[in-house]
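Got the viewer open? Grab the mouse and follow along, one selection at a time.

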Number of protein chains: 2
Amino acid sequence: MKPGAQDELVFLPLGGSGEIGMNLNAYGYGPPDDRKWIIVDIGVTFGGDQDTPGVDVIVPDPGYLEGEKDNILGIILTHAHEDHIGALGWLWPRLKAPVWATPFTAALVREKLRERGLLERVKLTETPLKSRFSLGPFDIEYVTLTHSIPEPNGLAIRTPLGLIWHTGDWKIDPDPLIGETTDVAALEGLRDEGILAMVCDSTNVFVEGVSGSEGDVREHLIGVLKQCRGKVAVTAFASNVARLETTIRAAQACGRVVCLVGRSMHKVTNAAKSVGLLAGLPEFASEDDAGHLPPEHVLYLCTGSQGEERAALARIASGDHRHVALSEGDTVIFSSRVIPGNETAIYALYNRLAERGVEVITDKDADVHVSGHPCRDELKQMYQWARPRIAVPVHGERRHILEHVKLAQELQTPEAVAPKNGDMIRLAPGKALVIDEVPAGRLYVDGVTLIEADTDALRERKRIATEGVVTVVMAVSERKHTIVTGPDVRVRGLTMQDEEELDLALEELADVAEAAFNRLKHDDRANDDTAEAGVQRAVRKAAEKMWGKRPFVEVVLMRV
Amino acid sequence: MKPGAQDELVFLPLGGSGEIGMNLNAYGYGPPDDRKWIIVDIGVTFGGDQDTPGVDVIVPDPGYLEGEKDNILGIILTHAHEDHIGALGWLWPRLKAPVWATPFTAALVREKLRERGLLERVKLTETPLKSRFSLGPFDIEYVTLTHSIPEPNGLAIRTPLGLIWHTGDWKIDPDPLIGETTDVAALEGLRDEGILAMVCDSTNVFVEGVSGSEGDVREHLIGVLKQCRGKVAVTAFASNVARLETTIRAAQACGRVVCLVGRSMHKVTNAAKSVGLLAGLPEFASEDDAGHLPPEHVLYLCTGSQGEERAALARIASGDHRHVALSEGDTVIFSSRVIPGNETAIYALYNRLAERGVEVITDKDADVHVSGHPCRDELKQMYQWARPRIAVPVHGERRHILEHVKLAQELQTPEAVAPKNGDMIRLAPGKALVIDEVPAGRLYVDGVTLIEADTDALRERKRIATEGVVTVVMAVSERKHTIVTGPDVRVRGLTMQDEEELDLALEELADVAEAAFNRLKHDDRANDDTAEAGVQRAVRKAAEKMWGKRPFVEVVLMRV
């Protein structure tokens with residue numbers, strides 16, 4: 001296929017370029033008024049902090065692509081981490097494109113679609129590792145890499161205007177334990193073909209050296225476990241099946257039976273077994289059975305390494321777990337890292353465990369964790385293998401992406417761009433260039449609704465969270481516009497030194513509201529909006545003085 | 001003075017034993033029914049996360065000591081960090097005891113009392129370094145140590161039942177730049193006298209080695225600054241006057257004029273100058289003047305190393321600062337550490353600076369910061385100097401305190417206790433023992449009010465923050481108990497895909513409320529509480545179904 005005269009090849013990140021998490025990348029091909037699109041990955045990030053109270057999951061705003069819905073040829077998933085597949089269930093109904101994934105990823109995606117009632121509607125093609133298929137002008141080939149999950153793939157995306165090497169998440173693990181090592185031959189083949197652009201992971205661009213190997217972790221974890229006497233709990237990211245296998249084998253080597261604790265552990269081990277992983281290992285003990293084993297014969301493999309309140313480990317640490325109890329002489333091994341933002345929750349967990357006399361071992365005490373992303377030496381190696389004409393760093397905060405551009409330039413990459421979410425970058429023909437900025441942003445999963453990041457609703461919630469709310473209700477006569485009953489004043493989120501003081505404050509606010517209403521002109525009293533606004537202003541001012549805070553004031557007039 | 005037969009010496013921490021921050025320690029002496037008390041330090045910690053929305057400052061609950069108000073002989077301050085003096089303005093009115101502090105600390109305390117209108121009421125005694133004075137059965141001596149602030153003092157507290165060595169915050173800095181080095185002779189003197197108990201800083205008990213010296217930081221900072229070309233901003237904890245002096249001298253060495261940016265910088269430098277520190281240094285430039293200097297001749301010394309939203313550096317990074325603008329070729333040096341919990345805010349700052357092309361240098365890139373607290377080797381040295389009979393670790397989370405107990409035991413300290421806030425520990429006579437648990441906790445500064453940590457008010461705010469609020473108002477006839485107007489339903493913090501859908505939802509909730517009210521028996525309708533509760537239940541259930549959330553439902557019946 002030859003490129004048409006008007007054809008362009010564009011890259012459009014809508015998530016992940018400016019944050020770690022929530023990856024959504026689109027590639028467009030064709031004349032500007034008739035592009036065909038493929039989407040690579042569609043992930044989530046997590047909320048719940050003071051900026052997003054009540055919002056657990058955040059997805060990229062696919063608004064621009066929704067408008068291009070009929071031109072989306074497919075959604076191609078590189079691997080099964082939540083920041084790459086988690087938004088599929090939420091956003092698929094808006095995009096309705098067919099989906100491709102390798103077997104392990106497909107197993108977890110199916111689970112996800114089932115939960116959202118979409119399993120029957122989504123056309124999901126399970127495709128083997130190293131497979132190759134065409135979608136319109138795009139020719140897509142899965143290339144095997146290594147990462148902290150089974151089946152990590154990069155994508156070679158061939159188009160009439162050039163070849164894109166989309167790395168997905170990767171590292172160079174010489175001993176990944178599960179799956180093959182990095183397919184260097186394939187990479188060198190791509191290089192020989194000529195790589196127009198490499199769209200590449202930036203997570204660890206500030207970390208010198210290499211990330212280390214799952215093989216080394218196995219060795220160290222066995223060493224640590226051999227020293228343990230009582231019960232042991234190991235917490236790890238459930239999706240790291242190699243790490244789970246390591247823990248299971250380490251347990252076996254030390255005469256311990258493994259008991260899985262936490263929903264994701266079961267979900268991932270089931271998915272892994274469904275594709276032939278974790279075969280030939282001893283059976284797991286149920287939580288109930290494990291409780292009856294001698295302490296030195298049991299190992300709990302737990303969720304909750306990030307201090308998540310409802311996860312297994314937090315409940316164990318609080319003594320709230322139905323089946324698992326740890327105490328003096330027992331050990332918890334965090335085979336994980338501290339994700340920035342989770343420090344407070346994780347340290348609280350350490351404290352609760354320490355209080356029970358449980359020894360805590362983390363990656364600071366022993367080499368029981370390695371990162372899944374490439375450090376600087378691995379990035380350099382990848383540039384040497386791939387030798388792209390254009391470097392396109394993604395998967396990072398702004399500082400990571402800018403640093404990655406500097407690194408690519410130092411490595412003599414002819415061109416490098418620093419994409420932001422929403423930048424439409426023309427990769428060919430001509431020099432790489434931002435040719436458009438399309439709307440990009442975040443949608444919040446709020447209960448069962450997807451809401452915009454800047455809704456009044458969320459602003460109101462945050463305002464009330466910090467300032468409280470005053471509700472003023474009064475019944476007003478329909479004809480004379482005078483107060484019949486009330487004002488009745490209630491506060492939520494505000495208090496005083498004692499009940500009596502609070503009662504006095506509420507009475508005072510009622511007086512203020514009444515006076516404010518009565519001060520209004522007859523016509524203003526007749527108009528609900530004007531009257532409510534007038535009362536609101538007066539009550540807010542009085543409340544500010546009382547509490548030194550700026551509460552939200554809700555005024556309701558009832559006409560009777 | 002000889003001890004009476006009934007006399008006991010007790011230690012009671014009410015803050016800082018179980019958290020880093022918010023230190024409040026009390027020592028009691030006398031028979032159990034007539035103890036005299038001194039308080040050592042009275043600090044704050046900071047809130048504002050999702051657990052404490054709208055609460056910036058948190059203070060220890062002094063409830064128990066309030067009951068002992070008439071027996072409190074004094075409040076003695078070891079040094080001027082906020083976690084040691086910050087609560088004085090909030091809690092003094094409840095305790096009303098005289099206060100002692102060394103000159104620099106006193107200068108900052110006066111400022112604090114002035115702000116709260118207490119300057120005229122508090123008896124504040126400014127006492128020289130190494131001074132000694134008596135308060136009833138307590139004989140108190142200030143001992144010079146080193147820390148990250150001028151005038152760091154430990155206290156030798158002599159009582160008829162033994163000598164307590166209260167370290168306060170300390171490190172062993174062989175070259176502190178400001179003030180003398182650790183008064184080893186005094187410590188050895190105390191040891192020879194015989195130390196009953198050492199109440200000691202646990203912050204860095206998990207960190208091997210030593211904390212390092214301010215002198216080394218000076219050398220490294222000058223080295224880093226010499227490499228800088230454009231404008232430079234250095235951010236540091238304002239209270240670390242040695243660090244400020246280092247920055248000023250480094251600037252001088254590189255031909256740069258220093259401009260202070262941020263309120264605390266001015267407050268602390270004024271306090272420092274008032275006690276003779278920072279003398280003989282070049283004048284500061286005003287922000288306005290600095291703006292007119294060539295970039296390579298200016299150095300901004302800024303607040304905001306923790307990413308605080310309203311501090312100087314955050315405003316500079318956002319391009320919102322009136323006088324200071326940084327761009328490509330400029331450098332920001334973080335001469336500070338990341339306090340756990342502030343990662344997200346600090347990384348956001350890095351990203352905003354990187355986006356402007358500003359180079360960011362942190363303590364990960366160069367040795368431009370040292371901790372002010374003792375690492376393990378320094379702790380060992382202190383135990384060697386002091387050789388207490390009882391180790392009483394404070395100033396740490398639970399895990400730090402428990403680890404410190406282990407360390408003290410390894411160092412052959414005969415007794416070690418792990419105090420929790422509220423534990424009343426008898427130090428003499430007899431073995432150290434928790435003899436009572438008194439109420440301890442936190443009070444939240446909420447606007448102008450001090451509220452309890454577990455008030456309904458805060459629970460309501462957190463509930464509304466995550467779930468939203470539905471307000472239902474109806475006017476009901478006084479006699480027949482039938483609905484006259486309404487229900488009028490409003491929501492805050494909840495939304496739908498579009499306005500229309502939201503209007504429909506509100507109508508449905510109104511129908512639910514009406515039906516629920518009408519379903520009530522006559523007597524229940526006649527009773528406000530029962531009727532409101534009935535309507536609330538029904539509306540909550542319906543709202544849960546609509547939004548997949550559990551909103552707070554406020555029902556107001558108006559009788560007309």
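What follows is a walk through a predicted model, from a sheet in chain A to a loop in chain B.

**Stop 1: the sheet in chain A**

Switch to cartoon view and pick out the strands β9-β8-β7-β4-β3-β1-β23-β24 of chain A, in that order. These eight make an open sheet with mixed pairing. From each strand to the next, the twist averages 25°. Now click on the two ends of the row: which strands stand at the edges? They are β9 and β24 (433–437) of chain A, and each has a single partner strand, so one side of each is left without a neighbour in the sheet.

Stay at the β9 end and zoom in on β8 (residues 99–101) of chain A. β8(A) pairs with β9(A) in the parallel sense, over three bridges. For a landmark, select A:A101 and look across to β9(A): the residue opposite is A:E126.

**Stop 2: two helices on that sheet**

Next, show helix α4 (residues 103–115) of chain A, which packs on the sheet and touches β8 and β9 of chain A. The direction of α4(A) makes about 150° with that of β9(A). Then add helix α3 (residues 88–95) of chain A, lying across β3 (24–30), β4 (36–42), β7 (72–76) and β8 of chain A. Against β4(A), α3(A) runs at about 165°.

**Stop 3: helix α7 of chain A**

Select residues 241–253 of chain A, which is helix α7. Put a distance monitor between its end C-alpha atoms and you should read 18 Å; at 1.5 Å a residue, the 13 residues should span 18 Å, so the two agree.

Is this helix mostly covered or mostly open? Mostly covered: ten of its 13 residues are buried. Among those buried are A:V241, A:L244, A:I248 and A:A251, and the charged A:R243 and A:E245 are on the list too. Turn on the surroundings to see what the buried residues of α7(A) pack against: α4, α6 (214–227), β15 (232–235), β16 (257–261), α8 (263–274) and β17 (298–302) of chain A. So α4(A), from the last stop, shows up again here. Just after α7(A), check A:G255, which takes a positive phi of about 70°.

**Stop 4: cysteines without partners**

Select the cysteine sulfurs. How many disulfides are there over all chains? The count comes to zero. Start with A:C254: the closest cysteine sulfur is in A:C228, 8.0 Å away, which is too far for a bond because a disulfide needs the sulfurs within 2.5 Å. A:C259 is in no disulfide either, with the nearest cysteine sulfur, that of A:C302, 7.9 Å away. A:C259 is buried, at a relative accessible area of 0%.

**Stop 5: salt bridges**

There are 74 salt bridges over all chains, and a few are worth a click. First, A:K130 and A:D183, with N to O at 3.7 Å. A:K130 sits in the loop between β9 (124–126) and β10 (132–135) of chain A, and A:D183 in the loop between β13 (162–166) and α5 (184–193) of chain A, so this pair ties together parts that are 53 residues apart in sequence. A:K130 is partly exposed at 39% relative accessible area, while A:D183 counts as buried at 17%.

For a pair of sequence neighbours, try A:D192 with A:R191, whose closest N and O atoms are 3.3 Å apart. A:D192 is exposed, at 63% relative accessibility.

Hop to chain B for B:E8 and B:R35, 3.2 Å apart at their closest N and O atoms. B:E8 is in strand β1 (residues 8–15) of chain B and B:R35 in the loop between β3 (24–30) and β4 (36–42) of chain B, so the salt bridge links parts 27 residues apart in sequence. Are these two buried or exposed? B:E8 is buried at 11% relative accessibility, and B:R35 is buried at 8%.

Then show both chains and select A:E460, A:E532, A:E554, B:D488, B:R490 and B:R492, which are linked in a network of salt bridges.

**Last stop: B:K123**

Finish in the loop between α4 (103–115) and β9 (124–126) of chain B, where you'll find B:K123. B:K123 is exposed, with a relative accessible area of 55%. Leaving aside neighbours within four places in sequence, B:K123 is in contact with B:P98 and B:V99. Add B:W100 to the selection: its C-alpha is 8.6 Å from that of B:K123, though the two are 23 residues apart along the chain.

Conventions:
Residues are numbered from 1 along each chain as its sequence is written. Chains are lettered from A and ligands numbered from 1 in the order in which they are written. This is a predicted model: local features need pLDDT of at least 70, side-chain atom pairs count only at pLDDT 80 or more; totals for chains, interfaces and linings use all residues. Side-chain values use heavy atoms; hydrogens and water are left out. Buried means under 20% relative accessible area, exposed over 50%, partly exposed in between (1.4 Å probe, protein chains only). A salt bridge is a side-chain nitrogen of Lys or Arg within 4 Å of a carboxyl oxygen of Asp or Glu. Helices (H or I, at least four residues) and strands (E, at least two) are DSSP runs, numbered from the N terminus. Two strands pair if DSSP finds at least two bridges between them. Axes are lines fitted to C-alpha atoms, for helices over the stretch in contact, and angles run from 0 to 180 degrees between N-to-C directions. Contact means heavy atoms within 4.5 Å. The expected span of a helix is 1.5 Å times one less than its number of residues.
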